[in-house]
Amino acid sequence: MLAACLLMVTMAGTGGLVNAAEPPRLVLQITVDALRADLLQRYRQVLGEGGFRYLMDKGAYFTNAHYRHANTETIVGHVSLATGAVPAAHGMVGNVWFDQLENRLVYNIEDPEYHLLTPGADVSRSTEIDPTQKTARVDGRSPRNILVSTFSDELAQFTQGKAKIFSVSVKDRGAVSLAGQTGKAFWFSKASGQFVTSDYYYTRYPAWVNEWNATGKAARFAGKVWRLLYPRERYRFGDRDEQDFETDFPGFGRTFPHAYGGRDDKYFTTRLTLGPAGDELTLDFAMTLLEQESLGQDEITDYLAISFSSTDYVGHMFGASSLESEDNLAHLDRVLARLFAHVDEKVGLDNTLIVLSADHGQPETPGYLHELGMSRGHYFNFKGLDKTAAIAALKKRFGFAEELIQVYYHPYVYLNRKAIRKHGLDLRQVEEAVAEELMKLPGIAYAVSSQALNKGEVPRFSRMASVLNNYNPRRSGDVYVVFEPDVFINDFDGLVVASTHGSPWRYDSFVPVIFAGWQVPGERISRPVTPYDIAPTLSAAVGAKVPSAALGNPLPEVTGGK
């Protein structure tokens with residue numbers, strides 16, 4: 001653990017720089033789930049005016065930003081954006097981890113001490129396609145598993161609790177993470193078709209939330225379809241509408257138009273999240289929130305975080321190189337244009353500091369790569385690993401009759417510690433033996449013992465450093481598995497998907513970082529930066545101290561270097 005701390009210290013800066021200018025009235029933090037940075041240039045021809053182009057042309061556009069942690073999953077990236085820290089410090093090592101005390105998998109933000117305010121809005125195990133959410137045993141959600149402060153927490157401290165702090169997303173973890181301990185979070189319930197929250201945040205809903213939910217905005221998509229925004233010839237993938245590697249989700253299909261289905265269809269609200277409708281609902285709720293909560297209307301800086309989730313769902317279902325991903329980005333571009341126009345009208349873009357980034361990138365699908373003659377990519381199957389000859393030999397060597405591998409949940413192998421103790425075995429010896437055998441399997445690049453990580457006894461190169469940055473002794477598993485490039489598991493609890501992120505490879509760590517509005521000059525910057533720089537930059541802009549475990553530095557192109 002000492003080695004992990006030293007690594008983080010060497011990356012950390014000296015703290016926040018306070019700009020002499022008047023602080024912004026509103027900080028608007030936008031996260032686009034799974035927006036790999038190159039996609040903005042690759043699909044630029046479908047971007048209009050006022051959305052992404054406003055940011056790219058008028059803002060400080062950092063084109064070389066990468067995460068430095070290994071598990072590039074949703075909660076890990078969102079909390080890293082919120083805290084400016086790596087998971088070794090903030091504790092969110094994965095969407096799910098195995099709790100040794102409770103002897104079960106734990107969902108990252110589940111909290112048994114709190115409950116949803118909306119009855120019947122919990123995850124439906126029969127229709128939910130996100131296997132991580134189905135691991136939760138309770139309906140309650142809170143940020144209490146985040147171990148360090150967020151920018152929003154520091155803003156609350158700096159303003160003596162006067163700042164208004166809100167976060168909105170389709171995904172619960174996308175909203176809860178950025179709101180921090182002190183803000184208010186809302187997310188979309190597929191079970192109820194409404195935006196909901198838990199009693200960690202409120203004892204009852206504000207009147208405007210009840211009014212918004214009562215309008216039944218989600219139901220308005222019933223019987224409608226996702227159509228292409230532009231003529232096919234405008235798209236790079238206009239002639240590639242149906243590809244064999246794409247997921248044929250029930251009732252949604254692999255070709256345009258994609259039907260959302262009827263209101264009574266059990267997958268209706270799920271399909272809304274698989275296309276632009278999810279982002280459009282998020283936008284509508286967020287714009288209503290901005291107006292009803294009077295954000296940015298006085299000299300005290302307020303904060304609104306919006307995480308748009310559709311890019312991630314579309315990437316999983318269709319892959320980054322698909323007509324669906326291209327058109328979804330075009331729709332999101334129009335969503336952003338509407339958002340910026342609304343902010344300009346209500347607050348003024350000159351009074352608003354905007355930052356856009358992503359929680360992670362995404363890979364290409366093996367099928368697409370094979371078409372180009374790149375044959376190494378493939379899907380990996382971890383099922384039955386304990387029955388393989390290699391692991392069976394280890395069990396015989398260690399005198400095991402029980403299962404040696406208790407569970408694999410990305411990115412960790414969790415061993416049967418109870419049996420290891422029963423047999424009087426050394427945990428590190430067993431971990432290293434299992435890791436050695438795993439690395440012999442086709443598709444696995446590295447397998448690393450957590451005991452070795454804890455002692456800092458690992459090779460020194462960038463990807464191993466990212467694995468070390470992911471290690472938290474309370475939550476990490478026993479062996480960290482890194483698949484080879486373009487190799488990943490594509491089984492979502494029975495749903496076979498086109499692609500899955502979560503690796504330390506550059507396609508998963510590569511995200512945009514763009515600041516705009518307020519006093520930010522337009523500039524394209526190619527020097528290396530990290531998303532961990534965002535929270536310290538926001539702190540510098542408002543004059544607050546940086547979050548408690550932040551390792552990034554304020555970006556002088558935004559703060560003015562004063």
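Here are some friendly notes on this predicted model, point by point.

1. **Confidence.** A good place to start is the predictor's own view of the model. The protein chain has a mean pLDDT of 94, and 96% of its residues reach 70 or more. Residues 1–19 need separate treatment, since the pLDDT there is below 50. This stretch still has 51 contacts in the model beyond near neighbours in sequence. Where pLDDT is low, the predicted coordinates should not be read in detail.

2. **Helix α4.** Helix α4 covers residues 74–83, and ten of its ten residues are buried, so the helix is largely enclosed by the rest of the structure. Among them are Thr74, Ile75 and His78, names that return in the point on arginine 173. Just after α4 comes glycine 84, with a positive phi of about 70 degrees.

3. **Helix α7.** Helix α7 spans residues 172–179 and is mostly covered, with eight of its eight residues buried. The buried set includes Asp172 and Arg173 as well as Gly174, Val176 and Leu178. Glycine 180 sits just after α7 and takes a positive phi of about 65 degrees.

4. **Arginine 173.** Do have a look at this residue of helix α7. Is arginine 173 buried or exposed? Arginine 173 counts as buried because its relative accessibility is 3%, below the 20% cut-off. Its side chain makes a polar contact with the side chain of tyrosine 107, at 3.0 Å. Away from its sequence neighbours, arginine 173 touches Thr74, Ile75 and His78, and these three are buried residues of α4. Other residues that arginine 173 touches include Asn95, Asn108, Asp130 and Gln133.

5. **The largest pocket.** Its volume is about 1,100 Å³. The lining counts 50 residues, and Tyr408, Tyr409, His410, Ile489 and Asp491 are the closest to the centre. Elements giving two or more residues to this lining are helices α11 (310–318) and α19 (506–509), together with strands β13 (405–409), β16 (479–483), β17 (487–488) and β18 (491–492). By residue type, the lining divides into 24 nonpolar, 13 polar and 13 charged.

6. **The second largest pocket.** This one holds about 470 Å³ of space. Which residues lie closest to its centre? They are Ser189, Lys190, Ala191, Ser192 and Gly193, out of 32 that line the pocket. Strand β6 (184–189) and helix α9 (268–273) are the elements that give two or more residues to the lining. The lining residues divide into eleven nonpolar, eleven polar and ten charged.

7. **Cis peptide bonds.** Most peptide bonds are trans, which makes the next two places worth a check. The bond from phenylalanine 256 to proline 257 is cis, with omega near -5 degrees, and proline 257 is in the loop between β8 and β9. Histidine 410 and proline 411 are also joined by a cis peptide bond, where omega is about 0 degrees. Proline 411 lies in the loop between β13 and β14, while histidine 410 is one of the residues closest to the centre of the largest pocket.

8. **Positive phi outside glycine.** Most residues other than glycine have a negative phi. Alanine 34 has a positive phi of about 75 degrees and is found in the loop between β1 and α2. Alanine 34 is buried, because its relative accessible area is 1%. Aspartate 486 has a positive phi of about 70 degrees, and its place is the loop between β16 and β17. At 16% relative accessibility, aspartate 486 counts as buried too.

9. **Arginine 463 and serine 449.** Arginine 463 belongs to helix α18 (residues 462–469) and counts as partly exposed, at 27% relative accessibility. Beyond its sequence neighbours, arginine 463 touches Tyr446, Pro504 and Trp505. Its C-alpha is 8.3 Å from that of histidine 69, although 394 residues separate them in sequence. Serine 449, in strand β15, is buried at 4% relative accessibility. Its contacts outside the local sequence are Arg428, Glu431, Glu432 and Asp478.

10. **Proline 231.** The last stop is the loop between β8 (225–226) and β9 (258–259), where proline 231 lies. Proline 231 counts as partly exposed, with 49% relative accessibility. From C-alpha to C-alpha, proline 231 and alanine 341 are 25 Å apart in space and 110 residues apart in sequence.

Conventions
Residues numbered from 1 in each chain as written. Predicted model: local features only at pLDDT ≥ 70, side-chain atom pairs only at ≥ 80, totals over all residues. Heavy atoms only, no water. Buried < 20%, exposed > 50% of the residue type's maximum accessible area, 1.4 Å probe, protein only. Helix = DSSP H or I, 4+ residues; strand = E, 2+ residues; numbered from the N terminus. 1 Å grid on protein atoms, 1.4 Å probe; cavity = no way out; pocket = protein on both sides within 12 Å on 5 of 7 lines; lining within 4 Å. Points joined across faces, edges and corners; volume = space filled by probe spheres on them. Nonpolar A, V, L, I, M, F, W, Y, C, P; charged D, E, K, R; others polar. Polar contact = N/O pair within 3.5 Å; in protein donor to acceptor, adjacent residues only side chain to side chain. Contact = heavy atoms within 4.5 Å. pLDDT = per-residue confidence, 0-100. Lists of a residue's contacts leave out its neighbours within four places in sequence.
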